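Grab a pencil and open the viewer: here are a few exercises, each with a worked solution. Try each one before reading on.

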Amino acid sequence: MPRETVAEFTVDHVQVLDREGTVDTDLEPDLGEERLEELYRLMKLARRFEERAIALQRRGEIGTYAPAIGQEAAQIGSASALAAEDWMTTSFRESAAYLARGTPIDRLLCYAMGMEEGAEVPEGSRSMPPSIAVGSQALHGVGIGWGQAMLGEEGASLVYFGDGATSEGDVYEALNLAGVYDARTVFFCQNNQYAISVPREEQSRAETLAQKAIAAGIEGIQVDGNDVLGVYAVTRAALARAREGRPTLVEAITYRRSMHTTADDPSVYREPEEERDWEAYDPIDRFETYLRERGVLDDELIAAIEERVEADLEEGIERAMDERDSVDPAEMFDYAYADLPPWVERQREAFEEGPGGASGDGTSAGGHGE
Ligand SMILES: Cc1ncc(C[n+]2csc(CCOP(=O)(O)OP(=O)(O)O)c2C)c(N)n1
């Protein structure tokens, strides 16, 4: 029986800024100095937001938190390529993407405090609340992209997920659906090398995660996820194609420098040398080298940006604390059932009585998060 090759595929890798911060002028996106400075400010804001969030969790002010230190270029670069009419659908590690889309700091913190106000889609916003079930949001994202075409809307849909999520059926189904229905979707996989403690190599035998697009008949492309200019350029092009009904899977190669969540200790499953190697390719340092080189940034401007970032964070944290203090945590029992089953009623009573068991002694307010 004759045997011949009937199909061949390739996956491209894009890098605009190399690891030393030198730019490839052929690929450099056309961004003015203001936009470049804004990308830098957002990356700094995201980094400090993550650091502050970890500290807030340690002080018991917010719940378990999933930081994205090291993934700022992947998130800020991609979310900054979105137009106002585009939708964004995320997983649980995308605070930086929300910040890039202008989601207020206090909203993000309220979400982390378990307040439903934090999960609301603010009026006029096209950013969906985070999805905790790994990969499930890929289906929501492709549904939105498909729906936009049906409604004759202008925009496209960008959906974030991690490397681990690409092992989930939901993601395969979403990719397939996007291919079949020409859904206006960009799938943005942040390959941060780990699904909790499982390294990327043990997650899939596929050489790249981008190639998972090929089986769905859509384009797959890899980008250096620590290169904000590369991520921006690739996502912008993918969104433009999506608006014409051509979906793409983007695999951004990056590294989660911190813990999976504040409940995790990465030293148990990875070596310090590996962390140090990636630290050398820090997305912010690299972009800063380029911006200094271009004359966009100097010490003075960096200090002013840092000052603004700290002030914005301070104000956002304060506002989130005020919002938290203004709601009654017992409200969480109000919406799960129309009529509370007796065992939940008992939980509510115990909650309202507080840890000491006696209500009205002022200690029950400390019951949030229990
Ligand atoms: C359906 C489902 N299975 C398992 C979990 C538990 N879980 C939470 S995060 C995670 C790993 C996710 O890894 P990845 O997709 O690479 O995203 P990352 O955490 O690296 O951003 C798992 C298995 C979950 N939340 N949902």
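## Exercise 1: Polar contacts of the ligand

An oxygen atom of the ligand sits 3.4 Å from an N or O atom in the side chain of His 260. Keep in mind that this is a predicted model.

**Task.** Which backbone atoms does a nitrogen atom of the ligand pair with, and how much of the ligand does the protein cover?

**Solution.**
- Step 1: Start with Ile 132, where a polar backbone atom is 3.0 Å from a ligand nitrogen.
- Step 2: Go on to Val 134, which also offers a polar backbone atom, 3.0 Å from a nitrogen of the ligand.
- Step 3: Test the distances against the cut-off for a polar contact, a pair of N or O atoms within 3.5 Å. At 3.0 Å, the Ile 132 pair passes, and the Val 134 pair passes at 3.0 Å. The His 260 pair gets in at 3.4 Å.
- Step 4: Now the cover: on its own the ligand has 580 Å² of accessible area, and the protein covers 70% of that.

## Exercise 2: The shell

**Task.** Which residues come nearest to the ligand, and what classes make up the shell?

**Solution.**
- Step 1: There are 15 residues around the ligand, and the nearest are Arg 93, Val 134, Gly 164, Ala 165 and Tyr 194.
- Step 2: Sort the shell by class and you get eight nonpolar, four polar and three charged residues.

## Exercise 3: The cores

**Task.** Which residues have the most contacts inside the largest nonpolar core, and which helix gives the most to this core?

**Solution.**
- Step 1: The largest nonpolar core has 65 residues, with Phe 49, Leu 229 and Phe 287 making the most contacts inside it.
- Step 2: Helix 1 (residues 33-58) gives the most to this core, contributing 10 residues.
- Step 3: Zoom in on Phe 287. Beyond its neighbours within four places in sequence, its contacts include Leu 17, Leu 36, Tyr 40, Met 43 and Leu 229.
- Step 4: Another core of 17 residues lies apart from the largest one; Val 142, Ala 178, Ala 213 and Ile 218 are among its members.

## Exercise 4: Two positive phi angles

**Task.** Where are Asp 182 and Gln 193 found, and is each buried or partly exposed?

**Solution.**
- Step 1: Most residues other than glycine have a negative phi.
- Step 2: Asp 182, not a glycine, has a positive phi of about 50°. Look for Asp 182 in the loop between helix 6 (169-181) and strand 4 (185-191). Its relative accessibility is 44%, so Asp 182 counts as partly exposed.
- Step 3: Gln 193 isn't a glycine either, yet its phi is positive, about 80°. Gln 193 is in the loop between strand 4 and strand 5 (194-195). With a relative accessible area of 13%, Gln 193 is buried.

Conventions. Residues are numbered from 1 along each chain as its sequence is written. Side-chain values use heavy atoms; hydrogens and water are left out. A residue is near a molecule or strand if one of its heavy atoms lies within 4 Å of it. A polar contact is a pair of N or O atoms within 3.5 Å; within protein, one must be able to donate a hydrogen and the other to accept it, and residues adjacent in sequence count only if both atoms are side-chain atoms. Accessible areas come from the Shrake-Rupley method with a 1.4 Å probe; for residues, only the protein chains shown count as cover. Ala, Val, Leu, Ile, Met, Phe, Trp, Tyr, Cys and Pro count as nonpolar, Asp, Glu, Lys and Arg as charged, and the others, Gly among them, as polar. A nonpolar core is a set of buried Ala, Val, Leu, Ile, Met, Phe, Trp, Tyr and Cys residues joined through side-chain atoms within 4.5 Å. Buried means under 20% relative accessible area, exposed over 50%, partly exposed in between (1.4 Å probe, protein chains only). Helices (H or I, at least four residues) and strands (E, at least two) are DSSP runs, numbered from the N terminus. Contact means heavy atoms within 4.5 Å.
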